[in-house]
Amino acid sequence: MAQQPPKIYVTRQLPEAALAPLRTCAALSVWESEQAVSRETLLHELRDTVALLSMVTERIDDDLLDRAPQLRIVANMAVGYDNVDVPALTRRNIVLTNTPGVLTETTADLTFALMLGIARRIGEGERRVRAGQWPVWSPFVFLGTDVHHATLGIVGLGRIGAAVARRAQGFDMRVIYHNRGHNREAEEQLGCTWVDMDTLLSESDFVVVLVPLGPETHQLISTPQLKKMKPTAFLVNAARGPIVDARALHAALRDKAIAGAALDVTDPEPLPADDPLLTLDNCLVVPHVGSASIATRTCMATLAAENIAAFLSGQRPPTPVNPEVL
Ligand code: NAP
């Protein structure tokens with residue numbers, strides 16, 4: 001009897017150019033919707049799935065893995081993988097891959113847009129114009145804060161952080177950063193200066209968060225950290241929502257303890273329309289669109305598919321997260 005081709009399950013519609021190579025080596029099943037696949041459907045599909053191409057919206061945990069006896073690889077279409085229980089995969093010898101690098105520049109663009117947007121009150125201004133409340137031009141109306149020549153503090157100066165620092169050079173900004181270790185390349189090539197976290201918080205005009213989410217960084221920014229920031233400073237979170245304590249941030253913005261915040265990511269996601277953060281003019285929120293350009297999403301899908309194709313043909317996937325299982 002002919003052997004069944006392995007089944008690959010893809011949890012969202014993706015560009016056909018990215019998926020085409022997988023069709024030749026496997027039976028491809030794709031969740032054909034813009035909405036996230038339900039947990040129930042995912043569990044049903046995973047009963048006979050060998051390779052899963054997942055999004056950040058899917059929680060890959062012990063319970064799910066227990067019900068996926070044939071699963072050998074999870075290709076997460078994101079650089080962050082806080083939606084995945086990595087040790088649970090590793091215990092089962094299942095490979096996890098992510099999509100580092102291909103989204104760096106696009107996410108850095110959005111991060112910079114958030115800085116400019118909150119400093120120059122873009123969201124607030126646009127809301128006023130649409131509401132028929134165009135403010136009469138006068139020297140003291142709708143004043144914002146300069147981004148050029150300001151001090152930028154990057155918490156998590158990795159790939160995306162360095163791309164933000166490179167953009168900051170064009171704005172003549174001073175860039176300080178805090179990582180657990182030093183990013184020597186960014187220090188030498190981009191003139192970034194390592195500082196401890198307290199110095200970063202107290203000296204920055206813009207605190208930009210770009211660390212991965214994990215136990216160490218969960219609510220890394222909460223009341224004590226917000227209190228250390230200047231009242232004129234802005235917080236930008238383009239990493240993951242739970243890195244910032246949302247209640248503490250709301251209080252700080254409401255009380256003008258800091259000048260403003262711009263968020264690509266929130267806790268929870270989606271942010272309900274009645275969330276108190278959305279009542280504040282000094283808070284700019286966009287719906288997790290850091291990597292959302294046509295070209296970059298195609299590159300991410302392609303890299304995720306390449307990881308699966310390589311693994312199924314017995315080669316090393318290009319971007320493994322837990323290479324020890326290979
Ligand atoms: P990366 O190259 O791994 O950079 C992460 C940096 O964070 C590293 O330099 C690391 O340096 C530092 N770091 C890690 N833990 C830390 C801690 N506890 N305290 C201080 N610094 C810490 O990752 P990347 O590609 O730049 O991506 C960063 C994150 O951005 C991803 O994990 C993802 O969650 C998020 N992201 C969001 C979007 C979006 O749509 N908004 C898009 C892409 C990525 P050390 O190891 O020396 O500490």
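Biologist: Helices (H or I, at least four residues) and strands (E, at least two) are DSSP runs here, numbered from the N terminus. Where is Asn93, then?

Modeller: Asn93 sits in the loop that runs between helix H4 (86–91) and strand S5 (95–97). Before going on: this is a predicted model, in which local features need pLDDT of at least 70, side-chain atom pairs count only at pLDDT 80 or more, and totals for chains, interfaces and linings use all residues. Residues are numbered from 1 along each chain as its sequence is written, and side-chain values use heavy atoms, with hydrogens and water left out.

Biologist: OK. What is phi of Asn93?

Modeller: Near 60°, so a positive value, and Asn93 is not a glycine.

Biologist: Why is Asn93 called partly exposed?

Modeller: Because the relative accessible area of Asn93 is 48%. Under 20% would be buried and over 50% exposed, with partly exposed in between (1.4 Å probe, protein chains only).

Biologist: Which other residue that is not a glycine has a positive phi?

Modeller: Lys256, with phi of about 60°. Lys256 belongs to the loop between helix H11 (246–254) and S11. At a relative accessible area of 57%, Lys256 is exposed.

Biologist: Change of topic. Which residues does a cis peptide bond join?

Modeller: Asp267 and Pro268, with omega about 10°. There is also a cis bond from Glu269 to Pro270, where omega is near -10°.

Biologist: Where is Pro268?

Modeller: In the loop between strand S11 (260–263) and S12. Pro270 lies in the loop between S11 and S12 as well.

Biologist: Now the ligand. How many residues surround it?

Modeller: 26, counting a residue if one of its heavy atoms lies within 4 Å. Arg159, Ile160, Arg180, Ala238 and Asp264 come closest.

Biologist: Which atom of Ala238 lies 2.9 Å from a nitrogen atom of the ligand?

Modeller: A backbone N or O atom. That falls within the limit for a polar contact, a pair of N or O atoms within 3.5 Å. On the side-chain end, a polar atom of Asn179 is 3.0 Å from an oxygen atom of the ligand, and a polar side-chain atom of His288 is 3.3 Å from a ligand oxygen.

Biologist: How much of the ligand does the protein bury?

Modeller: 86% of the 920 Å² that the ligand exposes when taken alone. The areas are Shrake-Rupley values with a 1.4 Å probe.

Biologist: And how many cavities of 30 Å³ or more?

Modeller: Two. A cavity is a set of points, on a 1 Å grid over the protein atoms alone, where a 1.4 Å probe fits but cannot get out, and lining residues have an atom within 4 Å of a point. Volume is the space filled by probe spheres set on the points, which are joined across faces, edges and corners.

Biologist: What volume has the largest cavity?

Modeller: About 50 Å³. Its lining includes Asn237, Val244, Leu263 and Asp267, and Asp267 is also the residue joined to Pro268 by a cis bond.

Biologist: And the second largest, what volume and which residues line it?

Modeller: About 40 Å³. Among the lining residues are Arg121, Glu124, Arg127, Asp281 and Cys283. Helix H5 (104–119), helix H6 (122–130) and strand S12 (283–285) each supply at least two residues.

Biologist: Which gives the most to that lining?

Modeller: H6, with four residues.

Biologist: Last one. Where is Cys25?

Modeller: In the loop between helix H1 (16–23) and strand S2 (27–30). Cys25 is partly exposed, at 29% relative accessible area. Its C-alpha atom is 9.5 Å from that of Ile8, 17 residues apart along the chain.

How values were computed
A polar contact is a pair of N or O atoms within 3.5 Å; within protein, one must be able to donate a hydrogen and the other to accept it, and residues adjacent in sequence count only if both atoms are side-chain atoms. On a 1 Å grid over the protein atoms alone, a cavity is a set of points where a 1.4 Å probe fits but cannot get out, and a pocket is an open set with protein on both sides within 12 Å along at least five of seven lines; lining residues have an atom within 4 Å of a point.
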